[in-house]
Amino acid sequence: MAPFNKRQIGYIKAIADVGGHTTHKGHMLNDSNTLAGLNSNMSHDGKGQYTFVSIGNAPKVYTSGGTDTTATISNSRDWFYSIPVYDIPVNTDETAVSTGQRVTPECYLESVHARMRLIQPLDVTDDAKSHQEYRMLVFRHKERQCDDVRYAENFSNPLYDMFLASNNYKYGPLGYRKKASLDGGVNDYLGASNANNDIQTMITCMTNKEDYVFMKDVRFYLGKEYGGKHIYEDVFHWDHADPIATEATDLTHNESNNKNYLWYVAIFCTTNNTTMAEMPYVRMDTTTHVTSG
């Protein structure tokens with residue numbers, strides 16, 4: 001059976017008298033007090049930097065060396081950030097409920113909206129760091145990923161397989177994934193430092209569209225050598241309109257559907273010379289719109 005469209009969902013909500021309480025839950029990544037750059041990890045060639053943000057709680061994924069062990073992708077990685085946009089707790093006391101809560105387990109996840117602002121400092125003393133090239137990707141896996149293994153259908157790790165190398169191996173900034181057809185039936189993840197993981201390759205390489213859906217893949221340049229432009233802004237919007245029933249705080253912990261709500265934002269940067277790049281200040285503000293009651 002095909003899913004309901006937005007018009008049909010609106011009609012159902014009106015007939016059932018659902019949606020009396022509106023929730024707008026906001027989250028912020030990185031404050032603006034110091035304009036400090038996000039934590040980042042160094043590329044294998046030592047000339048680039050990258051950082052990741054998950055829209056939703058960081059999921060469980062396979063770890064390096066096997067596909068029988070899972071761990072939270074952000075474990076021991078201070079450069080992997082998570083924005084818990086789907087954490088909307090239930091408060092059945094309608095007289096005390098806040099705008100960041102819902103009043104019933106049954107609700108509609110209407111949308112998630114995110115605004116991003118990236119600022120590269122202009123007051124740098126090192127000319128080699130005064131201008132940088134960036135690549136930003138917004139993507140998700142085609143199957144459901146979740147921080148709770150009970151609701152996860154897939155444990156692929158984009159840090160090892162978000163790109164497609166010239167030799168047709170899937171790889172990412174931390175390593176690559178073996179091919180069962182070529183590697184004795186093994187498709188484990190393997191950490192590696194090789195040409196496929198250098199920053200120039202990750203800035204230009206193809207994406208793994210066999211496993212992932214890419215919403216955005218953009219490259220841009222900031223700094224003194226590019227007309228003084230030092231700010232990049234973008235907006236991401238996910239128009240869900242999905243009925244969900246769960247008592248869990250995290251709306252993705254549900255059996256209402258098998259939709260993958262977990263999205264990744266990956267940012268790579270390089271000076272395009274032998275000087276190490278620096279991850280700039282990145283601010284993200286998100287709003288989750290939910291109706292319940």
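Here are legends for three close-up views of this predicted model.

**View 1. An enclosed cavity and the residues around it.**
Searching the whole structure turns up one cavity of 30 Å³ or more. The space inside the largest cavity comes to about 60 Å³. To find your way around its lining, start with Ile 55, Gly 56 and Asn 57, then look for Tyr 86, and go on to Gln 145, Cys 146 and Asp 147. Asp 250, Thr 252, Tyr 261 and Leu 262 also line this cavity. By residue type, the lining of the largest cavity holds five nonpolar, four polar and two charged residues.

**View 2. Two buried cysteines.**
Cys 107 has a relative accessible area of 2%, and Cys 269 has a relative accessibility of 0%. Buried here means under 20% relative accessible area, so Cys 107 counts as buried, and so does Cys 269. If you are wondering about sulfur bridges, a search of the whole structure finds zero disulfides.

**View 3. An open antiparallel sheet.**
Five strands make up this open sheet, and they follow the order S12-S11-S10-S9-S13 with antiparallel pairing. Strand S12 (189-191) and strand S13 (206-207) are the edge strands; each has a single partner strand, so one side of each has no neighbour in the sheet. Take a moment for the pairing of strand S9 (residues 163-164) with strand S10 (residues 170-172): these two run antiparallel and are joined by two bridges. Within this pair, Phe 163 sits opposite Tyr 171 of S10. As a general reminder, strands of a sheet pair through backbone hydrogen bonds, in either a parallel or an antiparallel way.

Conventions
Residues are numbered from 1 along each chain as its sequence is written. This is a predicted model: local features need pLDDT of at least 70, side-chain atom pairs count only at pLDDT 80 or more; totals for chains, interfaces and linings use all residues. Side-chain values use heavy atoms; hydrogens and water are left out. On a 1 Å grid over the protein atoms alone, a cavity is a set of points where a 1.4 Å probe fits but cannot get out, and a pocket is an open set with protein on both sides within 12 Å along at least five of seven lines; lining residues have an atom within 4 Å of a point. Grid points are joined across faces, edges and corners, and a volume is the space filled by probe spheres set on the points. Ala, Val, Leu, Ile, Met, Phe, Trp, Tyr, Cys and Pro count as nonpolar, Asp, Glu, Lys and Arg as charged, and the others, Gly among them, as polar. A disulfide is a pair of cysteine sulfur atoms within 2.5 Å. Buried means under 20% relative accessible area, exposed over 50%, partly exposed in between (1.4 Å probe, protein chains only). Two strands pair if DSSP finds at least two bridges between them. Helices (H or I, at least four residues) and strands (E, at least two) are DSSP runs, numbered from the N terminus.
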